Amino acid sequence: MTRPEARWKLRHTLIAALLAASGPAYSATTWDPARPAEVRIGSLVLDDTQYTNVVVTVGDLHSFSATGPQRTYDSFNPANGQVTFATLSIGSQTFYDVVISIAELVSVGGASALSALTPNDPLFASQWHLRNTGQRGADGAAAKIGEDLNIGKAWQLATGMGIRIAVVDDGLDIHHEDLNVVTGKSWDYRTNMYGDPSSSSSSHGTSCGGLAAAIGNNLKGVTGVAFNARLVGYNLLEAPTDSYGADAITKDLASNHIYTNSYGAADGTGMMAPSEEVWRDAITTGITLGRSGKGAIYTWAAGNGAPNDRSDYDGQANHHGVLAIGALNDRGQRASYSEPGSNVLVSAFGGEFCDSQTTTTTDVSGADGYNDGDTPADIAGRPDYTRCMNGTSAATPQAAGVVALLLEANSALTWRDVRAILARTARKTDPTHSGWSTNGAGHPINHEFGFGAIDALAATRAAKTWALLPAQKTVSRSAQLSRPLTIADNAAAITSTLALQGSGIRQLEFVELAITSDHSNVGDLEIALISPAGTASTLSVVRDCHDDQGSAVGCGAALSSGFTFGTVRPMDEAADGTWTLSVRDGKSGATGLISAWSIKAYGH
Ligand SMILES: [Ca+2]
Ligand SMILES: [Ca+2]
Ligand SMILES: [Ca+2]
């Protein structure tokens with residue numbers, strides 16, 4: 001408790017400091033200069049409770065901002081006794097993000113359970129992925145109430161304030177009225193310099209950016225998941241070289257917290273697509289050096305190639321350093337196009353197609369983009385917005401937005417903590433789906449959804465009290481094969497085992513499987529890795545591959561120089577024990593041998 005004299009001094013310091021700044025008028029928490037001892041707080045969030053008309057005396061001023069963007073909530077941190085006010089009005093002046101210590105609590109007017117925040121953005125009501133009230137799609141079918149990110153209450157805890165998200169895509173409309181873009185820090189790969197990454201056709205990135213972080217509560221357009229986060233745009237897809245691909249995901253690494261990536265290997269072909277070494281090196285740099293060593297977070301689209309494709313065939317989605325995101329429709333089912341896979345961490349909402357129900361977000365301003373103002377299927381009279389964004393492309397920036405909430409709620413989280421929180425707090429969506437099982441650590445898992453639908457409230461709450469994971473351990477082991485394994489043609493599965501002891505990993509985070517085989521058509525192969533606890537990760541299924549024109553072709557000897565799969569499914573299981581590789585050739589004709597296989601376990 002501060003002594004009275006000191007309090008008087010601090011109060012005068014505070015008021016003088018506040019009055020020296022300037023900002024637009026806004027009514028919320030108020031301070032009456034005639035009663036300088038007291039601040040009247042309209043609504044204060046602590047844990048799961050909102051307190052109203054809280055009157056406190058001020059101990060110390062820690063910081064404030066004279067300009068927005070403002071928070072939309074006031075919060076009390078019991079750990080340090082500090083209150084953060086979204087806005088504080090003194091007479092006609094308003095200040096933002098004012099942080100004080102409370103000297104004394106004078107009175108509390110009321111208390112109620114935490115309520116959902118309803119942003120005032122006019123198109124929020126159609127953003128079913130944020131609040132699913134059973135909105136009807138273009139086909140007249142109603143969405144399933146509650147199948148959404150569960151974010152309304154989470155916004156009382158965090159909104160992405162202070163977090164910067166890089167949208168790596170085909171561009172970003174940096175002049176859009178509803179996007180908060182950091183000035184001068186977007187990159188144009190057409191000229192390979194800072195500049196304007198947008199074009200008349202950069203609809204995809206502009207829609208992704210809005211899903212992640214369109215400005216919320218500004219009486220305009222839509223609401224982003226992290227509606228107080230800021231964006232930069234990198235138009236990699238305008239010049240998609242390997243070196244630019246590595247550059248884009250490490251650009252301004254000291255300033256970006258999250259890189260959201262809604263692109264990847266060709267969809268629908270069934271072909272294996274290894275990642276490039278320069279790209280893997282860039283991810284390693286990002287998760288090692290980003291966020292002052294806590295690691296940048298990479299959200300990655302699982303892919304839209306179902307039913308013929310799996311995300312397991314995508315060497316980027318297989319990387320342990322990315323969070324692969326699947327897509328759900330407005331009924332909480334896997335979207336028809338969303339690729340299943342052992343690497344899918346969690347799912348967000350992509351909808352199906354524009355003639356049924358998709359997501360509503362920002363579009364390239366004016367007569368460009370998805371909505372040119374004259375597209376009957378799209379939002380009439382609002383050419384700066386679209387209701388036709390879909391895909392794992394739409395789900396992935398939603399995940400990035402939720403990650404921004406987590407990082408605001410707890411800036412100490414490493415990228416691995418973020419992955420663990422998303423997995424452990426995910427909701428078991430489409431619970432009667434036959435693919436659900438429980439892994440050895442008790443987590444529900446499903447190849448089609450990962451650990452389930454992202455639950456923003458559960459994740460944000462968990463972030464606030466999260467005990468950081470210990471340092472990561474890794475261990476690699478190769479199977480000891482006395483001779484190459486023959487895969488019997490169109491026959492029963494063969495198995496091979498690998499004993500892992502002394503890893504020191506009590507809780508797995510990720511497991512890689514590398515297989516080298518000369519099999520001449522990998523599309524004949526069903527491949528699964530079974531953990532010591534018995535959790536099976538399907539990594540390849542029998543299929544036809546397709547070329548760019550959609551014609552059936554062989555899948556080729558894609559394992560001839562080795563290929564690395566990845567799985568999150570054994571998360572939190574112990575690593576030690578017997579790992580089993582199961583391989584079945586399900587088509588007669590092509591044959592081959594497995595000459596080597598190995599695993600690399602990541603955990604703690
Ligand atoms: Ca808005
Ligand atoms: Ca437009
Ligand atoms: Ca065969």
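Strand E2 (38-46), strand E4 (75-77), strand E5 (82-90), helix H5 (392-409) and helix H7 (456-464) each supply at least two residues to the lining of the largest pocket. That makes a good starting point for a walk through this structure, which is a predicted model. Among these contributors, E4 gives the largest share of the lining, three residues.

Let us stay with this pocket for a moment. Its volume is about 560 Å³, and 22 residues line it. If you would like to find its centre on the model, look for Ser 75, Phe 76, Asn 77, Ala 409 and Lys 464, the lining residues that lie nearest to it. Sorted by class, the lining of the largest pocket consists of nine nonpolar, seven polar and six charged residues.

Where does the largest pocket sit with respect to the domains? Residues of its lining come from both domain 1 (4-112) and domain 2 (124-464), so the pocket lies between the two.

Now move on to the second largest pocket, which has a volume of about 290 Å³. It is lined by 17 residues, and Thr 241, Asp 242, Tyr 263, Trp 279 and Gln 316 are the closest to its centre. Here the largest share of the lining, three residues, is supplied by helix H3 (residues 242-248). As for the classes, nine residues of the lining of the second largest pocket are nonpolar, five are polar and three are charged.

Key:
Residues are numbered from 1 along each chain as its sequence is written. Chains are lettered from A and ligands numbered from 1 in the order in which they are written. This is a predicted model: local features need pLDDT of at least 70, side-chain atom pairs count only at pLDDT 80 or more; totals for chains, interfaces and linings use all residues. Side-chain values use heavy atoms; hydrogens and water are left out. On a 1 Å grid over the protein atoms alone, a cavity is a set of points where a 1.4 Å probe fits but cannot get out, and a pocket is an open set with protein on both sides within 12 Å along at least five of seven lines; lining residues have an atom within 4 Å of a point. Grid points are joined across faces, edges and corners, and a volume is the space filled by probe spheres set on the points. Helices (H or I, at least four residues) and strands (E, at least two) are DSSP runs, numbered from the N terminus. Ala, Val, Leu, Ile, Met, Phe, Trp, Tyr, Cys and Pro count as nonpolar, Asp, Glu, Lys and Arg as charged, and the others, Gly among them, as polar. Domain bounds come from an automatic or database domain assignment.
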